[in-house]
Amino acid sequence: MKKGVRALALLVIVAVLVTGFTGCTGAKANDKASANTKKILRIAAAFDFKSAMEGKTLVYENLVKSDMAGNFSGWLAEKYDISDDGLTYTFHLKKGVKFHDGSDFNADTAKLSLEYACNNTAVLGKSVSSIEVVDDSTLKVVLGTYLASFLNTLSSTSAPMICGADLEPVGDPKGKLTGFIGTGAFYFNEATYEKSVKAELTRFDDYWGGASKLDGVEWLYIADPTAMVVALESDEVDMIGIAEHHSSIPYVQIAELKSKGYTVETDETGRYQVIEYNCSKAPFDDVNVRMALNLAVDRELMVKTLFEDITKASNVITAPWFVLGPDKVDKNYYKYDQNRAKKLLDEAGWIDSNGDGIREKNGEQLELKLVVPQGEANADTVSVYLQSELQKIGAKIDVLTLESSAASDMKKAGDYNMYVHHSGNMPSIPGGIGIGDKYYSTNKDWAYSYHSAELDGMIDAAFTEPNTESRNNKIDTLWTYLHTQAPCMPLYSVLKLVACNPRVTGYEVGSNMFDMSNVRLLDMDMSK
Amino acid sequence: MEMIFRRLFLGIFIMIVASLLSFVLLYMAPGNPAENILRQRTGEDPSYEEIELFLQQRDLDVPLLTQTGEWLYMALRFDFGESINTSEPVMDEFFTRFKATLQLTIITLAFSIPLAFFIGVSSAAKNGGAFDHVSRFFTLLAMSIPEFWLGLMLMIVFSKTLNWLPSFGYGSYLNLIMPVATLVVGYTATLSRVIRSSMLENLSQDFITTAKGNGLSQRVILIKYALRNSLGPIVTAIGSQFGHLLAGVVVVETVFSWPGIGKFLIDAVYLRDFPVIQGFVLLIALMFVVINLITDILYTYIDPRIRYERR
């Protein structure tokens, strides 16, 4: 009897093992073999293909495209016209564009796509008043109210061009997007997709812009950044960092990768890491204190010591090279000057009266809570650097690192003095200066940031102005005003880091940190 | 039999309570799914209008009680709804990943249990001897090594330096070696120490002295008398390890990109993907209930004196 039980137990274990392994093969050997004969670009990605917005830029395309600075041009719309009042957009669509299922892209599918986008993007749903098919290749969109960010939204992953078959129920703009059937240079293979393991994309030979030199792309899920670097070095992937908008490659690894012959691309995308101040309560309700802190940090030294000079220090709130960026603001406005910083704090009434190195005012110490949301790039090391810099002017910084949701709730409740964040990466309206954005008084997310009726008025005036030249002038005035108010401490430019093995050639950064569509331009030298 | 039904009934109650508790606690915790998921998808802070639209489209703007009631109604029919993040049925998400977790669990235990028995029994048999000292030192060391560190070290040596094994992935026998090795080290060490201490406790009992006096061989005394009587706590420890492994090993899954349930569940917690959290917690609780039940049944085989009748 006992022997029978043992035998049965053994049998069950063997059966489970065998069942468990039915899918196991010598996959690695096969992968290498196929990689040697075909130009399959193996990309490491920190997210599953279906969850990552970056992956969608390989499959879907948009009516318009923005470059890194925020200049728009037609994409699937060959060109577009905007009426003088900025309310009517007429899109002249490219001819000969096909979806991956072989169907044609035309004004009807573009209309369906925009209707889908309106149903799923609040800002479009609120602004678009009508979408009209003029003819097979002309689409007219009328806005109910002027929307400065309209083209930007159309160029984002919120408004992909889709076909009816991609929706469930088929053709229903209120349906669910399921099929990944776009017009992009690669098509997605559902049959070979493995959740949280890999996705395979194949070259779309009928791509309107000419078929890619690559045979395909393999999207390989690797959760850990260090494991990504190991995978690159052990030749299991060809490229890392491209599939994440926040760089997944540790900055400290760059020099080593370069020394080993890997190509490492470090591109600015205009996203700056900043420290937002709580301007609603002391001490940051005083502009002198905000300005003092902005002058007290040597950003150049920070970039040199923490990041080995691979990125640039930020001296203005957001990238000045954005089309609507602060290019007229004096770059030395927040230039490192601790003596001036100390003087400003003295003027604000913060004095170190007891000689303990920390300033006081009305019996309160200049002790500041710096909230660091988990996952904010390099924020831990930057916080420690800030602690040491600000101590020199008599400010004590308490660093509080929290899970991002908990940090966000503290921010909304105003329970912080300083908050590590990053500027928006929306080149057409950069740095949180749009209507309803970070520095607009109705923004509930950033209710304790700098707000004023004067600033709201400037923002309203600038972003309801359809005339480009007039709008640009108003935005220049706005930026100058905002910098005098020192609403945040700009730190450094967050880079998009991409590393690849020498086999991969022709890399060009996309139009923003999310855009991977330039993968179609890559080539691979399989002899290397 | 009555015991089995009683345990199962209690188990169902525990599963539902655990699942509801996890939901309510997370519901009250900071953050909401719309904000977290939209931020992950767009890389920007979503506006209030975007958040409202997202919640509205997924019926997440209804009161807590209504959501709980709806979930209970669906859960009773074994339908846990769809993931807010992936829009896939929770059951599909669970069972796709459970296969990978089960493989890792069974193979880890298939190595760690025999190894732990060998180390634990040998160590107890030669208590105070050289083998005992060495094994105690190494098991303590193995228990102290963090899994992420060991995993990365293995990866650097066997993938980067020697290029023998794949550093990530799933689907090949080779993919299993490093994750299993990482887990086996810690689990073997823990279990072998349980076996050793349980054996030592029994080896000092009167019945062992009697057996020795009767001239029984050392092997018979160790295996038939000491080990058999030590099996109670050992089976409990194995059951507990089995449960923990089945619930997902987040660190190893993250380091080796193993597509198990642990990493997915943790990501769901960060995103506040409530249907996934509730469904996964319920199913993981179900596994613990079943494992505990099996452990209890095994007790009666190991020690026939144990009975579970109602007194």
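**Entry 1. Chain A as a whole**

How many helices and strands are there in chain A? I looked this up before anything else, bearing in mind that the model is predicted. I counted 15 helices and 22 strands in chain A.

I then turned to the overall dimensions. Along the principal axes, the C-alpha atoms of chain A occupy a box of roughly 80 × 75 × 55 Å. The radius of gyration of chain A is 26 Å, and a compact globule of 528 residues would have one near 24 Å, so the two agree. I noted that 48% of the 528 residues of chain A count as buried. Among contacts in chain A with a separation of 6 or more, 67% join residues 24 or more positions apart.

**Entry 2. Domains of chain A**

I looked up how chain A is divided. Domain 1 is made of the segments 3-56, 184-262 and 501-524. Domain 2 covers 61-177, and domain 3 covers 270-494.

I next asked how many residues of domain 1 of chain A are in contact with domain 3 of chain A. I found 7 residues of domain 1 in contact with 7 residues of domain 3. The side belonging to domain 1 has 4 nonpolar and 3 polar residues there, and no charged residues.

**Entry 3. A sheet in chain A**

I followed one open sheet of 4 strands in chain A, whose order is β4-β5-β7-β6 with antiparallel pairing. Which strands stand at the edges? They are β4 (77-82) and β6 (128-135) of chain A, each of which pairs on one side only. Ignoring direction, I noted an average turn of 20 degrees between neighbouring strands of this sheet. As background, I recorded that strands of a sheet pair through backbone hydrogen bonds, either parallel or antiparallel.

I then took the pairs in turn. β4(A) and β5(A) run antiparallel and are joined by 5 bridges. Within β5(A), A:Thr90 is the residue that stands opposite A:Asp81. These two strands, β4(A) and β5(A), form a hairpin with 5 residues between them. In its turn I found A:Gly86 with a positive phi of about 70 degrees.

At the other edge, β6(A) pairs with β7 (residues 138-143) of chain A over 6 bridges, again in the antiparallel sense. Here A:Leu139 in β7(A) has A:Val133 opposite.

I also asked which helix lies across β5 (88-93), β6 and β7 of chain A. It is α4 (residues 107-120) of chain A, which runs at about 170 degrees to β6(A).

**Entry 4. A single residue, A:Ala461**

I located A:Ala461 in helix α14 (residues 453-463) of chain A. Is A:Ala461 buried or partly exposed? It is partly exposed, because 15 other C-beta atoms lie within 10 Å, whereas 20 or more would be needed for a residue to count as buried. I also looked up its distance from A:Thr109, which is 352 residues away along the chain: their C-alpha atoms are separated by 36 Å.

**Entry 5. Chain B as a whole**

I moved on to chain B, whose secondary structure comes to 13 helices and 0 strands. The C-alpha atoms of chain B fill roughly 85 × 60 × 30 Å along the principal axes. Of its 311 residues, 40% count as buried. Residues 24 or more positions apart make up 73% of the contacts in chain B with a separation of 6 or more.

The domain assignment of chain B gives domain 1 as 2-76 and domain 2 as 102-259. I noted 37 Å between the centres of these two domains, taken over C-alpha atoms.

**Entry 6. Where chain B touches chain A**

How many residues of chain B are in contact with chain A? I found 44 residues of chain B in contact with 42 residues of chain A. The elements of chain B that give two or more residues to this side include α2 (33-42), α5 (90-125) and α8 (173-203). By class, the side of chain B has 16 nonpolar, 18 polar and 10 charged residues.

I ended with α2(B). Its buried residues include B:Pro33, B:Glu35 and B:Ile37. Among the elements covering the buried residues of α2(B) are α13 (404-413) of chain A and, from chain B, α3, α12 and α13 (274-302). Just after α2(B), I found B:Gly43 with a positive phi of about 75 degrees.

How values were computed. Residues numbered from 1 in each chain as written. Chains lettered and ligands numbered in written order. Predicted model: local features only at pLDDT ≥ 70, side-chain atom pairs only at ≥ 80, totals over all residues. Domains from an automatic or database assignment. Rg over C-alpha atoms; globule rule 2.2 N^0.38 Å. Buried ≥ 20, exposed ≤ 12 C-beta atoms within 10 Å, placed from the backbone. Contact = placed C-beta atoms within 7 Å. Nonpolar A, V, L, I, M, F, W, Y, C, P; charged D, E, K, R; others polar. Pairing = 2+ DSSP bridges. Axes fitted to C-alpha atoms, helices over the stretch in contact; angles between N-to-C directions.
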